[in-house]
Protein chains: 2
Amino acid sequence: MKIAKFIPALDWMPKYNGTQLKGDLSAGLTVGVMLIPQGMAYAMIAGLPPIYGLYASTIPLIIYALLGTSRQLAVGPVAMVSLLTAAGIGALADGGTETYIMLAITLALFVGLIQFLLGAFRLGFLVNFLSHPVISGFTSAAALIIGLSQLKHLLGIKIESSHYVHEVLIEAVSKFGQINWVTFAIGLGGIMLIMGIKRYFKAIPGQLLAVIFGILAVWGFGLTEQGVKIVGEVPKGLPSLSLPSFNMDTIQSLIPVALAISLVSFMESIAVAKAIQARHKNYKVEPNQELMALGLANIGGSLLQSYPVTGGFSRTAVNDQAGAKTGMAAIISAILIVLTLLFLTPLFYYLPNAILASVIMVAVFGLIDIKEAVHLWHADRSDFWMLIVTFIGTLALGIEQGIGIGVVLSLAVIIFQTSRPHMAELGKVPGTAFYRNVGRFKQLERRPDLLIVRFDAQLYFANINFFRDRIDELIQEKGAGLKALILNFDSINNMDSSGVHALEELFTDSRNRKLNVYLTGVKGPVRDAMVKGHLIDKIGEDNMFMSVQEAVDWHDAQIVEQPEPKFHEFTLQTNAE
Amino acid sequence: MKIAKFIPALDWMPKYNGTQLKGDLSAGLTVGVMLIPQGMAYAMIAGLPPIYGLYASTIPLIIYALLGTSRQLAVGPVAMVSLLTAAGIGALADGGTETYIMLAITLALFVGLIQFLLGAFRLGFLVNFLSHPVISGFTSAAALIIGLSQLKHLLGIKIESSHYVHEVLIEAVSKFGQINWVTFAIGLGGIMLIMGIKRYFKAIPGQLLAVIFGILAVWGFGLTEQGVKIVGEVPKGLPSLSLPSFNMDTIQSLIPVALAISLVSFMESIAVAKAIQARHKNYKVEPNQELMALGLANIGGSLLQSYPVTGGFSRTAVNDQAGAKTGMAAIISAILIVLTLLFLTPLFYYLPNAILASVIMVAVFGLIDIKEAVHLWHADRSDFWMLIVTFIGTLALGIEQGIGIGVVLSLAVIIFQTSRPHMAELGKVPGTAFYRNVGRFKQLERRPDLLIVRFDAQLYFANINFFRDRIDELIQEKGAGLKALILNFDSINNMDSSGVHALEELFTDSRNRKLNVYLTGVKGPVRDAMVKGHLIDKIGEDNMFMSVQEAVDWHDAQIVEQPEPKFHEFTLQTNAE
């Protein structure tokens with residue numbers, strides 16, 4: 001147990017050099033400049049005053065830089081987690097109030113604790129159960145919800161905060177007459193500016209430019225007179241040390257939200273960290289250490305008034321492209337935010353909310369992934385429906401419910417599939433020793449005296465009835481000429497005690513019917529299960545073969561004697577009901 | 001759609017003959033004689049007056065005889081379903097009251113409707129998800145709960161009805177001084193009589209004999225004076241037609257119980273029906289028709305004051321052994337109960353509760369299956385723990401919770417296993433064309449320039465990370481001499497869109513590393529997924545082989561050129577967070 005394992009920064013720190021610093025400086029400043037508008041905007045999604053987005057962009061970045069295994073991951077406030085925060089604590093307190101803010105900070109503590117514990121207990125693999133279609137459907141729906149939640153800021157109207165998209169749209173349309181067109185013009189200008197710069201001048205920080213444009217326009221033309229809503233006073237100075245306080249009620253109500261945020265934010269973070277790492281071969285992303293690092297970043301953050309953070313897609317990509325070599329880049333970003341907090345907050349007084357809304361809308365509408373849905377429609381119809389159900393579930397039932405439905409349903413489909421797996425009768429490829437599915441290839445040779453069956457799944461409790469019933473059907477179809485049953489076990493990767501029992505019954509029944517049974521290609525784990533269940537003695541080693549062809553040859557070489565039933569007949573337990 | 005398909009009795013009725021009648025008569029009378037004490041006893045478990053056990057032994061038997069596919073299954077009140085009834089409605093009303101009785105009858109209606117619908121929609125397969133260890137653990141725990149619930153009748157003391165075994169035991173011990181020793185003597189006598197006859201004189205109906213012994217003892221010696229509790233007045237006459245009445249509240253509170261009973265009772269019934277059918281080749285048990293038949297038996301029963309019924313183990317076995325050939329046996333049993341209801345109920349006035357308790361205890365303690373636990377300890381440790389967890393869960397948390405935990409946990413284990421499946425590096429069996437796991441066999445030939453890997457599970461979202469990480473590790477271990485990666489797909493039975501994506505990434509990465517990649521033994525469904533995902537063109541048909549040996553031969557035959565990367569590099573989507 002070396003301490004360096006828990007502080008991956010000790011890997012790069014001792015060898016740190018000027019070239020690395022040059023890259024880190026450029027990347028750190030670029031990301032820092034993005035963080036100012038994004039942090040404030042995402043805090044708005046979370047229902048928090050903008051300053052909390054900046055607080056969340058300080059200490060968590062530094063903690064991750066020291067403890068994280070990725071060297072380019074840019075941690076901080078992100079849109080999805082901000083939405084989950086708003087959805088989770090919106091039910092417990094009114095947005096922007098003292099209680100609400102305290103709950104958001106306490107939430108960061110819980111998220112941090114959960115992530116740290118998941119990492120410490122090496123449960124990072126849990127995130128594997130979020131399938132790509134589920135993530136895609138969920139992300140698109142969440143992006144739609146986030147985007148539309150900003151409609152009120154873009155249009156300068158009041159919309160009762162709602163997570164149901166159709167309600168927001170109906171209310172917006174019904175209040176068409178109240179739209180503040182100056183506000184809308186500023187917001188639209190922001191959107192066009194950011195998108196235009198993104199397309200034509202990649203090097204220029206469009207979001208910051210939109211912020212400057214917004215501030216100048218409001219200040220220069222006195223647009224507050226026109227009813228344009230502005231950010232107003234942003235307190236100067238660093239976040240203060242604060243211990244989140246909570247009681248059992250808080251814990252009970254926050255734990256489900258915290259759990260959802262822990263997993264979703266880790267999933268987002270690990271996905272981008274792995275993608276970036278694939279382009280850098282000099283380090284390795286380790287999921288459980290990542291969980292602990294993100295956990296401690298959130299815990300540390302919560303002590304300094306930060307709400308939940310994670311590693312985000314866009315800033316990480318920018319960080320990498322701008323040349324980040326180590327966690328030093330993130331430290332530099334954090335320093336830039338600290339300087340902003342100390343000296344620049346008064347400049348944001350005239351920043352219009354509509355500009356923050358435009359920053360958010362451009363960011364999230366890019367996440368609505370229609371291409372993936374179209375791709376899945378062609379590539380995998382079942383995954384397509386999984387995406388759609390998750391998408392609609394998230395819109396119609398809510399954020400956490402949507403992802404919950406997606407996860408449960410995608411696992412249920414897997415279980416259902418393995419309970420009725422693909423099963424094939426095999427025939428011989430003429431002139432070879434290969435046997436393939438007779439349903440798929442036409443020229444295969446079939447013999448009336450042999451039934452060769454391949455079962456394409458582990459043999460376990462949920463599919464033993466299906467296995468027995470199908471084999472009985474196939475035996476019936478073959479009719480009276482049938483002399484032997486060859487079970488190709490190539491695809492049976494595992495077998496539980498129910499599987500052993502079913503196989504034992506099949507053997508007994510078949511012997512009673514004077515059918516020889518041979519097993520071929522039995523794998524190690526399956527053989528182990530047979531040995532432990534005392535089945536192997538009953539089957540007999542001489543009825544087990546490496547390949548189907550060997551079993552067929554052996555069968556043909558025998559004078560096909562009718563074997564006597566070797567087992568006791570299956571008798572009923574008749575103790576009681 | 002022939003009507004005969006829905007009335008399986010039309011199969012045997014037209015050909016019914018004297019030999020069959022002889023068997024049916026003997027079996028029907030034997031089972032009817034068992035039904036009298038069992039019916040009354042099981043009604044007591046359900047918290048109902050004994051007469052309701054006899055009501056439940058009339059019309060449901062006749063309906064099943066006409067509609068069921070099994071010809072020996074003996075339907076009626078059973079211990080497990082009686083316990084579930086008590087557990088389910090015990091929370092809603094006090095045992096034995098009018099409301100309680102009405103709820104029990106309404107429950108039968110709901111159970112019937114659910115079973116009928118499950119059968120009509122062909123959802124009988126759902127019962128496959130109850131694994132044997134879960135059933136065994138659940139049955140043992142339920143038997144313990146049922147048995148101890150009768151302790152109060154056996155000892156003649158008052159014990160607050162509780163489903164927690166330890167509470168019952170503590171209360172019984174604390175009331176040691178209040179034990180009515182005469183009651184206890186009768187009960188113990190009943191137990192010894194039933195067990196003794198069961199062991200030494202199989203042909204004699206021990207339970208009925210115990211009933212007669214009990215009635216005579218109480219009546220002859222005037223034991224009610226000694227405080228021995230008796231059944232008292234049992235109303236004469238047939239059940240009356242009654243429409244269960246209920247409102248939305250009733251529905252809401254009964255549905256979960258009804259669902260649990262529907263599945264558990266179907267599982268018990270189908271298991272015994274299939275076991276018996278295996279000994280008779282002249283008919284076939286069809287799960288969905290069984291569900292509909294049991295459903296209609298419960299619906300019909302509920303209209304004539306019956307509580308939920310199903311096919312039970314012991315009476316079915318007796319029915320079969322006594323020579324039942326068709327459903328006529330069950331009809332004869334029902335007629336015997338009808339005659340009992342009409343003429344014999346006054347005889348049960350002096351029947352002591354302790355005798356009914358002894359009937360129950362002998363029946364259920366035989367269900368506690370320690371052998372199975374011991375067997376699983378040796379045969380399959382994971383299944384052993386599944387049994388134990390279900391057993392303890394049922395005892396500690398409750399009947400439905402216990403079975404719920406078992407089902408969820410056993411499915412979670414399957415999912416977990418497939419998320420970290422067995423994966424093997426293969427080596428050549430010297431002198432053959434077979435390749436086997438190098439971790440399992442010592443003499444296999446390995447080459448430094450080839451990495452041959454077999455992945456033993458479907459490739460899907462929950463295991464793609466594991467797949468990629470393991471392959472990366474193996475590639476690292478092989479070192480610089482590695483020239484080709486051969487993926488043996490023999491065991492990969494399925495692949496979802498995430499699997500296709502992961503494979504595509506692996507291909508891109510490997511080509512970038514100048515590694516040739518070959519696939520061998522790709523199955524139909526997997527090939528389909530590759531075609532739909534446009535992966536097959538990228539891999540190239542000429543890199544796919546029937547067997548590992550063919551891939552190795554082809555690789556050796558090539559002048560191993562370094563292929564150029566064919567795909568675009570993986571680039572990040574950088575739209576937003």
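**Exercise 1. How the two copies meet**

Task: State which surface each copy uses at the interface of this predicted model.

Solution. Start with the overlap: 100% of the interface residues of chain A are also interface residues in chain B, so the copies meet through the same surface. Next, count the contacts. On chain A, 63 residues touch 63 residues of chain B. Then ask which helices take part. H6 (79-89), H8 (132-149), H15 (313-321), H17 (353-365), H18 (370-379), H20 (399-419), H22 (497-512) and H23 (524-532) of chain A each give at least two residues to the side that touches chain B. H20(A) supplies the largest share, six residues. Last, sort this side of chain A by class: 31 residues are nonpolar, 23 are polar and nine are charged.

**Exercise 2. The symmetry of the pair**

Task: Find what rotation superposes chain A on chain B, and what axis relates the copies.

Solution. Two copies of a chain are related by a rotation about an axis and a shift along it. Here the rotation is 179 degrees and the shift is 0.0 Å, with an RMSD of 0.1 Å. The two copies are therefore related as by a two-fold rotation axis. To locate the axis in chain A, look at A:Ser491. Its C-alpha is the nearest one of chain A to the axis, at 2.2 Å.

**Exercise 3. Two sides of a helix**

Task: Identify which residues of H18(A) are buried, and what covers them.

Solution. First list the buried residues of H18(A): A:Glu372, A:His375, A:Leu376 and A:Ala379. They lie on the same side of H18(A), because they cover an arc of only 95 degrees around the axis. The general rule helps here. An α-helix has 3.6 residues a turn, so residues three or four places apart point the same way. Now turn to the face pointing away from the buried side of H18(A). It carries the exposed residues A:Ile370, A:Val374 and A:His378. Finally, look at the cover over the buried residues of H18(A). It includes H8 and H19 (381-397) of chain A, and also H22 (497-512) and H23 (524-532) of chain B.

**Exercise 4. Strands around E3**

Task: Work out which strands pair with E3 (residues 423-428) of chain A, and in what sense.

Solution. Take E5 (residues 450-455) of chain A to begin. E3(A) pairs with E5(A) in the antiparallel sense, over three bridges. One bridge partner can be named: A:Ala424 is matched with A:Arg454 in E5(A). Now take E4 (residues 435-437) of chain A. Three bridges join E4(A) to E3(A), and these strands also run antiparallel. Across this pairing, A:Leu426 stands opposite A:Asn437. E3(A) and E4(A) form a hairpin with six residues between them. In its turn, A:Gly431 has a positive phi of about 80 degrees.

**Exercise 5. Two positive phi values**

Task: Decide whether A:His534 and B:Gln305 are buried or partly exposed.

Solution. Most residues other than glycine have a negative phi, and most peptide bonds are trans. A:His534 has a positive phi near 55 degrees. It sits in the loop between H23 and H24 (535-539) of chain A. A:His534 has 13 other C-beta atoms within 10 Å, and is partly exposed. B:Gln305 is not a glycine, yet has a positive phi of about 60 degrees. Its loop joins H14 (287-303) to E2 (310-311) in chain B. The cut-off for buried is 20 or more other C-beta atoms within 10 Å. B:Gln305 has 23, so B:Gln305 is buried.

Methods
Residues numbered from 1 in each chain as written. Chains lettered and ligands numbered in written order. Predicted model: local features only at pLDDT ≥ 70, side-chain atom pairs only at ≥ 80, totals over all residues. Pairing = 2+ DSSP bridges. Helix = DSSP H or I, 4+ residues; strand = E, 2+ residues; numbered from the N terminus. Contact = placed C-beta atoms within 7 Å. Nonpolar A, V, L, I, M, F, W, Y, C, P; charged D, E, K, R; others polar. Buried ≥ 20, exposed ≤ 12 C-beta atoms within 10 Å, placed from the backbone. Arc of directions from axis to C-beta. Least-squares fit on C-alpha atoms with pLDDT ≥ 70 in both.
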